[in-house]
Amino acid sequence: MINKPLHYSEFGAVGDGVTDDFDAIIHTHTKANELGLPVYADPNAVYYIGGADKTAIIQTDTDWNSAKFIIDDKSTENYKSSIFEVKSKLEPVRITDIQSIKKNQEQLDINLSYDSLVVAVDNTTKRFIREGLNVDNGSNQTDVFIISKDGYIDPNTAVIWDFDKITSLTAFPIDSEPLYLKGGIFTTVANHAEAKYTYFKRNIAINRSNTIIDGLTHHITDERSDHGAPYSGFIFIYNCADVTMQNCKMTAHRTYTTIGAASLPVKMGTYDILADEAVNLVFKDCTQLNDITDDTNWGIFSSNYTKNIVFDNVHFSRFDAHKGTTNPKILNSTIGHMGIKLIGSGTCLIENTTVKCDHFAHLRADYGSTWEGEIIIRNCEFAIRNDDFIPNDYVSTGPAVLWAEYSGLHDFGYKCFMPRKIVIDGLVINDEQASDDCTGPRIFSPIHDNYFDEHFEEKYPYALPEVVEIKGIKTKSGKPWTLSDNMSLFKDVKIVEN
């Protein structure tokens, strides 16, 4: 027997694009959650959602099909409230009898009712102590991993830190059955708030493992050219595992400027997709509705404390890992003007992908340009944008395949690494717009100007690669590529060219 779905109209939704239907939407999902029934939106409806401080909790399959939703952010009671939150019916469990965890530990002495995503925190240890215009004092040491009911840690989500002290350990149960969100055309009427770090949610928050988002579209209208508060992701995935987002169309927000922690102007990040404390995320057949090379818009995707993110056939302006990712894969995709920005560990695989930026991959300098593991670039194209060909710049350093900066003078709260192994196996560098006085592209940026002086001693040493393997690099200009303008940095690195 097929359970009869509930419709928003049954609970008073008008769907005329003018009447505020938020209460009716909330009541529909509340009843559906009680009865275990799916929710359907009326296909031709336009649901207006005003600025009330309320959230619709979703715990059953929801089909928004071709219905439209207008989310008006011009006047909100609480900018931190989500519009929808997908929540598990399984309650998180606080674990209090584990006092420490070691890096790569295989098992914890616990028994749980469900396989779970575990979030571990040590608030006495600071990591990711940021440098630069957004300098800060760091964040609490945090890690996420999957654990079985009998305490075995999934080796694909291995623990990356030693936790000599645990101040918080929480298990979020993983639902065995998937929950589906389908369709829906959402339009955010953008806020006109002051350009400062008051991150708006007003989003769809995913706080349930084993969730599939299929065919959703998000538009943004009425953004001002000069100011607006940032957003922390229209799709916000947190404290969960095994989330897939497929066949979705998203929009990048405008870039605004604010005053950063260093009391200097800084461009302010605002995202349409954000993942925090989450593992096993798949983004497949997703695209960006506005131009991925338009730098008046900010990058569309960012993450913190994640593992096993996969982009497959994704057309986005940015892939970004702020406070660490492990084992990401970017496959069959096109990444735009903000490129691939990485901090983290494990193996990063970039395959059959085009990057339209002034660097192919960028190890973020504000977090120490660190990648503890391997980076593999296979059968890709580095399509340098025309406006990145600034002759004076290009003559001195050139666009770099792998960009990193490291002074050796700042404590980030961890030892910093260049990738232990770097493999480039098939890369076309599209530099044919370069003028005649431009030299060829570089594989590495200079990284550290002080390394030109071989007697320089780092206060915080940077671990250099063990081996760099290079095969099948072609430049469309015909100009030869070089390894780096700072060859003294690589004098002890094994370089293998085929």
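Is Cys286 buried or exposed, and what is its relative accessible area? In this predicted model, Cys286 turns out to be buried, with a relative accessible area of 1%. Cys248 is tucked away too: this residue is buried, and its relative accessible area is 1%.

What about disulfides? A disulfide is a covalent bond between the sulfur atoms of two cysteines. The structure has zero of them. For Cys248, the closest cysteine sulfur belongs to Cys286 and sits 4.7 Å away, which is too far for a bond. Looking from the other side, the sulfur of Cys286 has its closest cysteine sulfur in Cys248, again at 4.7 Å and too far for a bond. The cut-off for a disulfide is 2.5 Å between the two sulfurs, so a gap of 4.7 Å doesn't make it.

Next come the strands. Four of them make up an open sheet, lined up in the order S8-S11-S9-S10, and their pairing is antiparallel. S8 (93-94) and S10 are at the edges and have a single partner strand each, so one side of each has no neighbour in the sheet. S8 is joined to S11 (residues 168-173) by two bridges, with the two strands running antiparallel. Here Val93 stands opposite Ala171 in S11.

Strand S10 (139-147) shows up again in the second largest pocket, where it supplies at least two residues of the lining. The same goes for S21 (301-316), S22 (319-326), S26 (344-351) and S29 (371-383), each of which gives at least two lining residues. This pocket holds about 590 Å³ of space. Its lining counts 38 residues, and those nearest the centre are Ile160, Gly344, Ser345, Gly346 and Glu372. Sorted by class, the lining is a mix of 14 nonpolar, 15 polar and nine charged residues.

Two single residues round out the picture. Thr187 is part of strand S12 (residues 179-189) and is buried, with a relative accessible area of 19%. The cut-off for buried is under 20%, so Thr187 at 19% counts as buried. Leaving aside residues up to four places away in sequence, Thr187 touches Phe69, Ile70, Ile71, His219 and Thr221.

Val14, on the other hand, is found in a loop, the one between strand S1 (6-7) and strand S2 (16-20). With residues up to four places away in sequence left out, Val14 touches Thr19 and Asp21. How far apart in space are Val14 and Tyr47, which are 33 residues apart in sequence? From C-alpha to C-alpha, Val14 and Tyr47 are 7.4 Å apart.

Key:
Residues are numbered from 1 along each chain as its sequence is written. This is a predicted model: local features need pLDDT of at least 70, side-chain atom pairs count only at pLDDT 80 or more; totals for chains, interfaces and linings use all residues. Side-chain values use heavy atoms; hydrogens and water are left out. Helices (H or I, at least four residues) and strands (E, at least two) are DSSP runs, numbered from the N terminus. Contact means heavy atoms within 4.5 Å. Buried means under 20% relative accessible area, exposed over 50%, partly exposed in between (1.4 Å probe, protein chains only). On a 1 Å grid over the protein atoms alone, a cavity is a set of points where a 1.4 Å probe fits but cannot get out, and a pocket is an open set with protein on both sides within 12 Å along at least five of seven lines; lining residues have an atom within 4 Å of a point. Grid points are joined across faces, edges and corners, and a volume is the space filled by probe spheres set on the points. Ala, Val, Leu, Ile, Met, Phe, Trp, Tyr, Cys and Pro count as nonpolar, Asp, Glu, Lys and Arg as charged, and the others, Gly among them, as polar. Two strands pair if DSSP finds at least two bridges between them.
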